[in-house]
Amino acid sequence: MISLAKNVEAVLRSTGAAVWYFHPQSWIRLPVVSWRESQCRELSQADGREHLAELSYAVDVWGRSPAENAALAADVDAKMAAMRMRRESSEDLYEADTGLHHRALRYRCVADAAGNIYQ
């Protein structure tokens with residue numbers, strides 16, 4: 001199965017923010033980034049093996065203010081774009097029960113087994 005999860009995690013860690021898989025486990029250090037591979041769909045095979053896959057990644061930025069999130073989200077977006085991920089959406093959310101602001105970023109790409117990314 002084709003996956004770029006390790007690459008995505010490394011890119012997110014390069015922002016300097018705390019990075020968590022799926023959901024933050026600590027809210028002490030904000031802003032924080034959470035991420036997950038949300039889709040891995042086989043697109044084609046060659047010689048009986050998966051050749052191309054459509055991959056989607058959910059990246060969420062959590063912070064105390066929209067401005068704090070915007071700065072980190074811009075850094076995340078630039079780094080994801082540099083690895084050729086296409087941003088599908090970006091949405092500002094507010095978590096009323098915790099008082100945290102949340103920026104939901106969604107990315108997708110088509111990749112081959114060697115990790116080459118195509119749009």
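This is a short tour of a predicted model, moving from one selection to the next.

Begin with strand E3, which covers residues 49–63, and select Ser56, which lies within this strand. Ser56 counts as buried, since its relative accessibility is 13%. If you display its surroundings and leave aside residues up to four places away in sequence, you will find that Ser56 touches Arg36, Glu37, Ser38 and Gln39, and also Tyr107 and Arg108.

Keep Arg108 on screen and add Glu54, because Glu54 lies in strand E3 and Arg108 in strand E5, residues 100–112, so that this pair ties together parts that are 54 residues apart in sequence. The two side chains form a salt bridge, in which the closest N and O atoms are 3.0 Å apart. Both partners are out of the solvent's way in the sense used here, for Glu54 is buried and Arg108 is buried as well. Now add Arg41 to the selection, and you have a network of salt bridges that links Arg41, Glu54 and Arg108. In general, side chains of opposite charge can pair when their charged atoms come close.

Next, move to helix H2, which spans residues 66–82, and select Asp75 together with Lys79, which lie four residues apart in this helix, or about one turn of it. Asp75 forms a salt bridge with Lys79, and here the closest N and O atoms are 3.7 Å apart. Asp75 counts as partly exposed at 26% relative accessibility, and Lys79, at 25%, is likewise counted as partly exposed.

From the helix, select Asp77 and then Arg87, which form another salt bridge, with their closest N and O atoms 2.8 Å apart. This pair links distant parts of the chain, as Arg87 sits in strand E4, residues 86–95, while Asp77 belongs to helix H2, 10 residues apart. Arg87 is partly exposed, with a relative accessible area of 43%. The salt bridges shown on this tour are among the seven counted in the model.

For the last stop, turn to the cysteines, bearing in mind that a search of the whole structure finds zero disulfides. Select Cys40, which is in no disulfide, and note that the nearest cysteine sulfur, belonging to Cys109, is 9.6 Å away. Since a disulfide requires two cysteine sulfur atoms within 2.5 Å, the separation of 9.6 Å leaves Cys109 in no disulfide either. The surroundings of these two residues can be compared by their accessibility: Cys40 counts as partly exposed at 26%, whereas Cys109 is buried, with a relative accessible area of 0%.

Methods: Residues numbered from 1 in each chain as written. Predicted model: local features only at pLDDT ≥ 70, side-chain atom pairs only at ≥ 80, totals over all residues. Heavy atoms only, no water. Buried < 20%, exposed > 50% of the residue type's maximum accessible area, 1.4 Å probe, protein only. Helix = DSSP H or I, 4+ residues; strand = E, 2+ residues; numbered from the N terminus. Contact = heavy atoms within 4.5 Å. Salt bridge = Lys/Arg side-chain N within 4 Å of Asp/Glu carboxyl O.
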